[in-house]
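Work through the exercises below on aromatic rings and their partners. Try each task before reading its solution.

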Protein chains: 2
Amino acid sequence: NTSELASHELASHELASHDRTTFNPTTEHLTFAARVAWRNAARCVGRGYWPALAVRDLRHISEPQQVFRELQRHLRQAWNGGRIRSTISVFGPGVRILNDQLIRYAGYPDGLGDPQNRRLTAELTALGWSPPVQRSDFDVLPVAIETGGRTQLFEWQADDVQEVAIVHPEVGDLGLRWHALPVISNMELRFAGLTYACAPFNGWYMETEIGARNLADQGRYDRLPELAQRLGLDTARERSLWRDRALVELNRAVLHSFDAAGVRLDDHHSLTRQFVAFEERERAAGRRVNGQWDWLIPPLSPATTPVWARSYREDRELTPGFFHSRRSAF
Amino acid sequence: NTSELASHELASHELASHDRTTFNPTTEHLTFAARVAWRNAARCVGRGYWPALAVRDLRHISEPQQVFRELQRHLRQAWNGGRIRSTISVFGPGVRILNDQLIRYAGYPDGLGDPQNRRLTAELTALGWSPPVQRSDFDVLPVAIETGGRTQLFEWQADDVQEVAIVHPEVGDLGLRWHALPVISNMELRFAGLTYACAPFNGWYMETEIGARNLADQGRYDRLPELAQRLGLDTARERSLWRDRALVELNRAVLHSFDAAGVRLDDHHSLTRQFVAFEERERAAGRRVNGQWDWLIPPLSPATTPVWARSYREDRELTPGFFHSRRSAF
Ligand code: HEM
Ligand code: HEM
């Protein structure tokens, strides 16, 4: 692809020839750097789509109210009626989002909600958030935007957050739901010595993230026992493999529900195959693939996918890249 | 456990005080060293049972015909009518087994049998083995014993090799089988500067080794498509998760068949839980657990097991230990 190569030449040349302290990337630079940061993300199995990342250059925006308005726009543009677009919004200096993802469900001390978000929920509550009067397992948390040592909370509007009810094709409604957009909001984009601390990005989900982790993990929604009961499985003996059977059915339900709702979501077989094709394109282009095997294998039937038998090496310093900031708490 | 501690003191003291070139361990030393080698095996999730390893001190035996007779005895004692006993046989110097496991099924160029064993099958054929006239998917290979640069083949007798026919509890006979004993025969036992190149050992199987790898892998028996057909699954679309469903059913069939035949086999849920208990005992005893995450997680629903969320470090030089010799071809 010549335009990408041309853009690459441009970027390396320009990035190298500028003084780091005064360098102000053009939107074209930024766009290319964000895409390459994705391409370099060692843990991401969705990287085959990297050239299609939509980059919103919002480096002139740091004021919390404006940031929030642009986050709402991000959600709308990325949602795109279900045909989700991979999108990143790069904000100006001095601003940071506390939440690890833009959409997160509250986790309450009594067990309701997402246990993984208990600390985040407590922190947001300390900052002034009140849970709804009728608490549920799926109460969307506000987003906390920090500027100049001050943190402000913003509540999503109802149509900002798109969700899918989880229905099993044979068992029926499981009383579960999940949001359509995973928007990681606590990683920093770094390249050419620059750091963008507020640069939330999203792709779409792989079904196992929802069906084999978020709704299944014992430290998350832990819904395998309930589903196994509804499926009539023998939960008294591990050797009935009721966990494994319920797990597959939960993932089928996630796929079925997102498909029925017309919301983009990849299955782990197709996505890992695409990932291996991406690896081959990268090698053909003379680039080494950065990778972390334990994150790239899916948590469902991993040995049936082509990543299982491959090996990967990780360069933890590779830039452009996305990094967990030492400051972020979640 | 005082007797184990006493034995430990003895071993470390004795091993340290002897000149490596003249040191000749007692049977008690050897027994303890072999058990600790198992305890140190970074890839083994069955290590909770390490104190129960039966050690056969056969260091006076190196003559091929005698070695083979003792291998037959090993199989019989380890088999124990289905209540499998973890067993190691330590032979004398100058002898080596070519096969990576004592029981292996031939892999033929036309696709019949176990594709993983094609090279081994070719080598054994070059050494004089003839496949049966009626070749099948489960032809047991002879064992090749090398001494002094000369290799001799030995055929197992019918009752040396115990096998289980794989029957699914609802679908019925799958036309598959597997042997009951995994006996690794190409790893060296090393401790106190000594190397025992011929020291085959066995435990029993974890069901996923057979159901999620040997019979399922595309590079092995590749039987998921056939089983999916018999289950009436939609194999035209990955999103039906037919691979994942067939995989669970194949593992259920393995568990069901071994249980029905009264042959010991662990499921991956119970075994990983036992492994974590072993880790805790080790830490309580002040020992670091040697581990390799990518081998310890099972290939079926790994995130539902307690090893998934843990992390492990590996010391590749740790002795006593089992090592893949640089000389072994398989
Ligand atoms: C297009 C659809 C996408 C899919 C299906 C996808 C898939 C995944 C999956 C399954 C993970 C592992 C998540 C986990 O286990 O917690 C992951 C991690 C990651 N992805 Fe992607 N991804 C997509 C888009 C993106 C985009 C657009 C970016 C950035 C521009 C990105 C960057 C990352 C990074 C940095 C991680 C590691 C996160 C961490 O360290 O916590 N991905 N991705
Ligand atoms: C008692 C039942 C046992 C179970 C259920 C068990 C389970 C396992 C499993 C699942 C693996 C990974 C195999 C693979 O993926 O190819 C493994 C590897 C291993 N086990 Fe065990 N094991 C048992 C007994 C033993 C014994 C008795 C020893 C030695 C005395 C042993 C030493 C090892 C070693 C050295 C490996 C690594 C093999 C390699 O590098 O290829 N295990 N075990």
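**Exercise 1: Charges over rings**

Which ring face does A:Arg39 lie over, and at what distance from the ring centre?

Solution. A:Arg39 sits over the face of A:Trp50, 4.7 Å from the ring centre. The model is a predicted one. Next, take A:Arg135. This residue lies over the face of A:Tyr108, at 4.6 Å from the ring centre. Both distances can be checked against the cut-off, which is within 6 Å of the ring centre.

**Exercise 2: Counting pairs and classifying one**

How many aromatic pairs does a search of the whole structure find? Then classify the pair B:Phe201 and B:Phe322.

Solution. The search gives 25 aromatic pairs over all chains. For B:Phe201 and B:Phe322, the centres are 4.4 Å apart and the planes make 40°. Planes under 30 degrees apart would be stacked, and over 60 edge-to-face. The pair is therefore tilted. Now place the rings. B:Phe201 is in strand E11 (residues 201-202) and B:Phe322 in strand E14 (residues 321-324), both of chain B, so the pair ties together parts 121 residues apart in sequence. Both B:Phe201 and B:Phe322 are buried.

**Exercise 3: A tryptophan pair**

What kind of pair do B:Trp293 and B:Trp308 form, and where do they lie?

Solution. The ring centres of B:Trp293 and B:Trp308 are 5.1 Å apart with planes at 55°, so the pair is tilted. B:Trp293 belongs to helix H9 (residues 293-296) of chain B, while B:Trp308 is in the loop between H9 and E14, so parts 15 residues apart in sequence are tied together. B:Trp293 and B:Trp308 are both buried.

**Exercise 4: A cluster**

Which residues form one aromatic cluster with A:Tyr105?

Solution. A:Phe138, A:Trp178 and A:Tyr221 join A:Tyr105 in one cluster.

Conventions
Residues numbered from 1 in each chain as written. Chains lettered and ligands numbered in written order. Predicted model: local features only at pLDDT ≥ 70, side-chain atom pairs only at ≥ 80, totals over all residues. Heavy atoms only, no water. Phe/Tyr/Trp six-rings, centres within 6.5 Å; stacked < 30°, edge-to-face > 60°. Helix = DSSP H or I, 4+ residues; strand = E, 2+ residues; numbered from the N terminus. Buried < 20%, exposed > 50% of the residue type's maximum accessible area, 1.4 Å probe, protein only. Lys NZ or Arg CZ within 6 Å of the ring centre and 35° of its normal.
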